[in-house]
Amino acid sequence: MKTNPLLPIALIVTQDRASASFLRRVLRLTFQLIERDDVSDAQETLRTASVDLVILDSKNLEEDELFLTLSRFRSALGKKKTPILLITGNLKKKFAQDTLRAGATDFINEPLDEDEIEQRIVVSFQSFERTKNVSEVAKRSTPKTQTSSSSLSNRQFLNDQAIKEISKARKNEGHVSLLI
C-alpha cells in the first residue's frame, strides 16, 4: 500500500483485529497508519517515529497497566501535544479523571462508530491548535514591565488628575467615580 508523505501519521495500538480493521477503514484516507498490537512495540515506535495521533485500545489492559502505558506514551512524545485517544467502554468519572491525568486526551466509546471517531479526532486537533494559539497570543500580549521612573510619573499624573476632578465635583456639588 502506498503512503502519502503529506498525510499526518496515526499510531493504532490494539490487539483486537476487528477494531484494527475498522480503524484502518475509517482513517486510511486521512492518515498514514502505523499499527501495533503490543504496547512496548508502540512505545518504541513513539521514540523513533514522529506521530501526530495515537489511538490506544484499552480492552486488553488492566487499569494500572493502562495508566502506566499512557504516562509512558506521553513521556515518549515529549513536549509535543500529540492527541492520545483511548478506546474504552468504561466512562466512569474516576476512571476518566485518572486516564486524563495519565496522559489521554479524549475517549472513543465502544462500540466503535465512524462519526464519533472522526469528531473526536477533529476536536482533539482543534483543542491543540486553540492551546497553541492562546499561548502565542499570550506571549505577544504580555505587558512589558515599566521602569520605576515611568511608573512614578504615571502615578503623579493620575494623582493630579484625581485632585482636579474632586475639586470640580465639589464646586458643582457633583459626584466622582473612580474605576480601577
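Reader: L70 lies in helix α3. What makes L70 count as buried?

Author: A quick word first: this is a predicted model. Now for the cut-off: buried means under 20% relative accessible area. L70 has a relative accessibility of 0%, so L70 counts as buried.

Reader: How far is L70 from Q43 in the model?

Author: Their C-alpha atoms are separated by 9.8 Å, and the two residues sit 27 residues apart along the chain.

Reader: Why is L85 called buried?

Author: Use the cut-off again: under 20% is buried. L85 comes in at 0% relative accessibility, so the label "buried" applies to L85. You'll find L85 in strand β4, which covers residues 84-88. The C-alpha atoms of L85 and L56 are 6.2 Å apart, though their positions lie 29 residues apart in the count along the chain.

Reader: What about A96: buried or exposed?

Author: A96 has 17% relative accessibility, which means A96 counts as buried, given that the limit is under 20%. A96 belongs to helix α4, residues 93-102. From A96 to D106 is 10 residues in sequence and 8.9 Å in space, C-alpha to C-alpha.

Reader: And what share of the protein counts as buried?

Author: Of its 180 residues, 30% do.

Reader: Why is D64 called exposed?

Author: Exposed means over 50% relative accessible area. D64 has 64% relative accessibility, so D64 counts as exposed. D64 sits in helix α3, which spans residues 63-77.

Reader: What makes the patch formed by E62, E63, D64 and E65 a negative one?

Author: Asp and Glu count as negative. E62, E63, D64 and E65 form this surface patch, and since each is an Asp or a Glu, "negative" is the right word.

Reader: Now for charges that pair. Why is the contact of R24 and E35 called a salt bridge?

Author: The rule asks for a side-chain nitrogen of Lys or Arg within 4 Å of a carboxyl oxygen of Asp or Glu. The side chains of R24 and E35 meet at 2.6 Å, N to O, so the pair passes the 4 Å limit. This pair links distant parts of the chain: R24 is in helix α1 and E35 is in strand β2 (residues 32-36), 11 residues apart.

Reader: Which label do R24 and E35 get for accessibility?

Author: Between the buried and exposed limits, a residue is called partly exposed. R24 has a relative accessible area of 33%, so R24 is partly exposed. E35 has 30%, so E35 is partly exposed too.

Reader: How do you know that E114 forms a salt bridge with R25?

Author: Their closest N and O atoms are 3.5 Å apart, and the limit is within 4 Å, so the pair counts. E114 is in helix α5 and R25 is in helix α1, 89 residues apart, so this pair links distant parts of the chain. E114 is partly exposed at 31%, and R25 is partly exposed at 44%.

Reader: What makes D98 and K94 a salt bridge?

Author: Their closest N and O atoms are 3.0 Å apart, which means they meet the 4 Å rule. D98 and K94 are four residues apart in helix α4, so about one helical turn separates them. Their labels are worth a look. D98 counts as buried because its relative accessibility is 17%, while K94 is exposed because its relative accessible area is 57%.

Reader: How many salt bridges does a search of the whole structure find?

Author: The search finds 10. There is also a network of salt bridges, which links D16, D57, K59 and E110.

Reader: Why is the meeting of S19 and D16 called a polar contact?

Author: A polar contact needs a pair of N or O atoms within 3.5 Å. The side chains of S19 and D16 make theirs at 2.8 Å, so the distance fits. S19 is found in helix α1, residues 17-27, and S19 is buried because its relative accessible area is 5%.

Reader: One last thing: which kind of peptide bond joins E110 and P111?

Author: A cis one, with omega at about -5°. Most peptide bonds are trans. P111 lies in the loop between β5 (106-109) and α5 (114-141).

Terms used:
Residues are numbered from 1 along each chain as its sequence is written. This is a predicted model: local features need pLDDT of at least 70, side-chain atom pairs count only at pLDDT 80 or more; totals for chains, interfaces and linings use all residues. Side-chain values use heavy atoms; hydrogens and water are left out. Patches are made of residues with over 30% relative accessible area and no salt bridge: like charges are joined within 9 Å, nonpolar side chains (Val, Leu, Ile, Met, Phe, Trp, Tyr) within 5 Å. Accessible areas come from the Shrake-Rupley method with a 1.4 Å probe; for residues, only the protein chains shown count as cover. The place of a charge is taken as NZ of Lys, CZ of Arg, CG of Asp or CD of Glu. Helices (H or I, at least four residues) and strands (E, at least two) are DSSP runs, numbered from the N terminus. Buried means under 20% relative accessible area, exposed over 50%, partly exposed in between (1.4 Å probe, protein chains only). A polar contact is a pair of N or O atoms within 3.5 Å; within protein, one must be able to donate a hydrogen and the other to accept it, and residues adjacent in sequence count only if both atoms are side-chain atoms.
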